[in-house]
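User: I have a structure on the bench screen and want to go through it step by step. Can you take my questions in turn?

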Amino acid sequence: MFVMGFVCGQSVYEKSLQSRKRFLPKSNSFYGKNNYFGKVFKTSAFKSPKKSLAVFAVQTRQVDNLGDTFSQKNANQANLTQVPDVNGHFGRYGGQYVPETLFFCLENLAKCFEETRNDAKFREELNLLLKDFVGRPSPLYFAERLSSRYARKDGSGPRIYLKREDLNHTGAHKINNSLAQCLLARKLGKKRIIAETGAGQHGVATATVCARFGLKCVVYMGAKDMKRQSLNVFRMRLLGAEVREVTAGTGTLTNALSEAIRDWVTYPEETHYIVGSVSGPHPYPLIVREFQSIIGKETKQQAKEKWGSSPDILLACVGGGSNAMGLFHDFVDDPNVRLIGVEAAGEGLESQKHAATLTCGQLGVLHGAMSYVIQDEDGQIKEVHSISAGLDYPGVGPEHAYLKDTRRAEYVAVTDKEAIQGFKLLSRMEGIIPALETAHAVAYLDKLCPTLSGNPNIVVCCSGRGDKDVHTVMEYLKEYGDNDIHLDDL
Ligand SMILES: Cc1ncc(COP(=O)(O)O)c(C=O)c1O
């Protein structure tokens with residue numbers, strides 16, 4: 001049997017025994033009962049680690065209801081700005097649940113990142129490329145007609161701004177991270193880049209920067225995603241990347257991620273793995289947050305210029321969580337700014353066909369970090385669903401899990417049907433066709449705005465443009481009928 005994601009004869013364990021004891025769930029072994037692909041094997045990671053199979057993509061059995069265990073007292077004591085700690089923990093989330101082979105790579109990467117992040121030469125090169133290659137800063141655009149949809153009779157109401165990451169080169173926020181990680185890879189002397197992709201935007205961004213720097217690029221993508229994002233597959237190939245189809249499991253992002261990790265375990269010396277979201281083992285959640293935090297930094301500055309203070313509400317879709325974390329990060333320490341992440345409720349939370357990890361998931365380990373995971377009572381990853389390939393993932397970045405438990409951020413979910421309405425809404429009201437991922441955040445405005453008083457300034461992260469999704473939306477409307485949105489008031 002093809003046993004992807006684990007390597008015989010190596011142990012998987014968290015970096016330090018102490019932190020392992022502190023953060024492991026009480027009622028289950030570290031590994032869970034089954035491996036990621038359903039082959040049953042019993043493990044006792046701590047008694048005989050050398051005998052165990054090294055599984056990167058592991059998950060623990062569901063252990064508790066996190067909302068109950070993390071009290072308001074914990075929330076008040078939480079240190080929101082000093083995370084992660086040196087071992088990559090956000091409270092009990094994060095860490096490094098990886099095979100030994102990768103420790104060396106992760107340590108090198110963490111060291112290189114620490115040396116580089118404030119290095120003036122690195123910053124200068126990165127900033128120049130962000131400006132001239134990516135096209136930053138991205139505008140903070142006042143969505144006047146969209147705002148008028150939510151205006152009260154007296155003309156007051158929320159003022160909605162879009163942070164236009166869709167205007168970046170390659171059409172999404174993903175390039176901020178791919179570009180900066182490519183510079184890190186060059187510093188590490190790596191000549192081969194691998195990446196995973198769901199919607200294809202991270203794959204396209206990575207293929208683009210690899211073309212720019214003359215690096216070999218391999219992108220793993222689920223078979224289902226390759227079909228629904230065929231335009232992006234073609235773009236990656238045009239850019240010179242090899243796109244490897246992953247047929248395992250559901251053929252979506254989670255399988256692509258597992259396959260990319262397997263590649264990395266096999267070729268750790270020459271390869272740098274550009275993880276595309278604030279997920280994965282430490283230091284990835286930290287690195288990706290840092291490189292995406294330009295979204296929030298620019299927003300802060302632009303908000304000051306436009307209305308003289310910070311936004312009142314930040315709204316972003318959450319797959320792995322990178323565009324949301326990028327927007328939120330610079331505002332986490334400001335309690336006056338409300339942070340809202342929007343997950344995919346797919347066909348409805350009760351249908352089980354959704355990808356609302358923070359809303360419905362439980363404590364678990366997936367792809368090298370502890371976080372919320374959508375799993376069954378045996379700790380097996382459940383099949384998830386979203387119309388949007390970039391949100392179709394059963395895990396989420398550990399910092400979002402921490403922000404949820406500490407109640408610093410709110411997480412809500414929007415269905416496929418509502419997202420389609422959001423997609424049409426932004427297209428018709430503002431002349432901006434958003435990515436289906438972004439459309440989830442837009443759709444939530446219909447629920448949020450009627451609950452608000454005064455004239456709050458809301459910033460929605462327009463994480464990407466929708467060209468890649470037009471075909472999916474056409475198919476959806478053909479199948480379910482075109483229930484048009486109500487624009488009567490305008
Ligand atoms: C345009 C766009 N927005 C959002 C996402 C979700 O990813 P993340 O939550 O890491 O921002 C994706 C993922 O592919 C994407 O392409």
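Analyst: The answers below cover the chain, the ligand shell, one helix and a set of paired strands.

User: What kind of model is this, and how many helices and strands does the protein chain have?

Analyst: This is a predicted model. The chain has 490 residues, and buried ones make up 56% of them. Its secondary structure comes to 19 helices and 18 strands.

User: What share of the contacts with a separation of 6 or more joins residues 24 or more positions apart?

Analyst: Take the contacts in the protein chain with a separation of 6 or more. The part that links residues 24 or more positions apart is 77%.

User: Which domains does the ligand lie between?

Analyst: The shell around the ligand has 20 residues. Gln-201, Gly-319, Ser-322, Gly-390 and Gly-464 are the closest. Two domains both give residues to this shell, so the ligand lies between them: domain 2 (109-130 + 172-287) and domain 3 (138-170 + 293-480).

User: By class, how many residues of the ligand shell are polar?

Analyst: One residue of the shell is charged. Six are nonpolar. The polar count is 13.

User: Which helices each supply at least two residues of the ligand shell?

Analyst: One of them starts at Gln-201, a residue listed with the closest to the ligand. Another starts at Ser-322, also on that list. The helices are H8 (201-213), H14 (322-328) and H18 (436-448).

User: Is H18 largely enclosed or exposed?

Analyst: H18 has 13 residues and spans 19 Å from first C-alpha to last, close to the 18 Å expected. Its buried residues include Glu-437, His-440 and Tyr-444. Eleven of the 13 are buried, so H18 is largely enclosed by the rest of the structure.

User: Which residue in S14 is the bridge partner of Leu-315?

Analyst: Strand S13 covers residues 313-317, and four of its five residues are buried, so S13 is largely enclosed. S13 pairs with S14 in the parallel sense over five bridges. In S14, the partner of Leu-315 is Ile-340.

User: Which residue of S17 stands opposite Val-342?

Analyst: S14 (residues 338-346) also pairs with S17, in the parallel sense over seven bridges. Five of the seven residues of S17 (residues 409-415) are buried, so S17 is largely enclosed by the rest of the structure. Opposite Val-342 stands Val-412.

Note on methods. Residues are numbered from 1 along each chain as its sequence is written. This is a predicted model: local features need pLDDT of at least 70, side-chain atom pairs count only at pLDDT 80 or more; totals for chains, interfaces and linings use all residues. A residue is near a molecule or strand if its C-beta atom, placed from the backbone, lies within 6 Å of it. Ala, Val, Leu, Ile, Met, Phe, Trp, Tyr, Cys and Pro count as nonpolar, Asp, Glu, Lys and Arg as charged, and the others, Gly among them, as polar. Domain bounds come from an automatic or database domain assignment. A residue is buried if 20 or more other C-beta atoms lie within 10 Å of its own, exposed if 12 or fewer, and partly exposed in between; C-beta atoms are placed from the backbone. Two strands pair if DSSP finds at least two bridges between them. The expected span of a helix is 1.5 Å times one less than its number of residues. Two residues are in contact if their C-beta atoms, placed from the backbone, lie within 7 Å.
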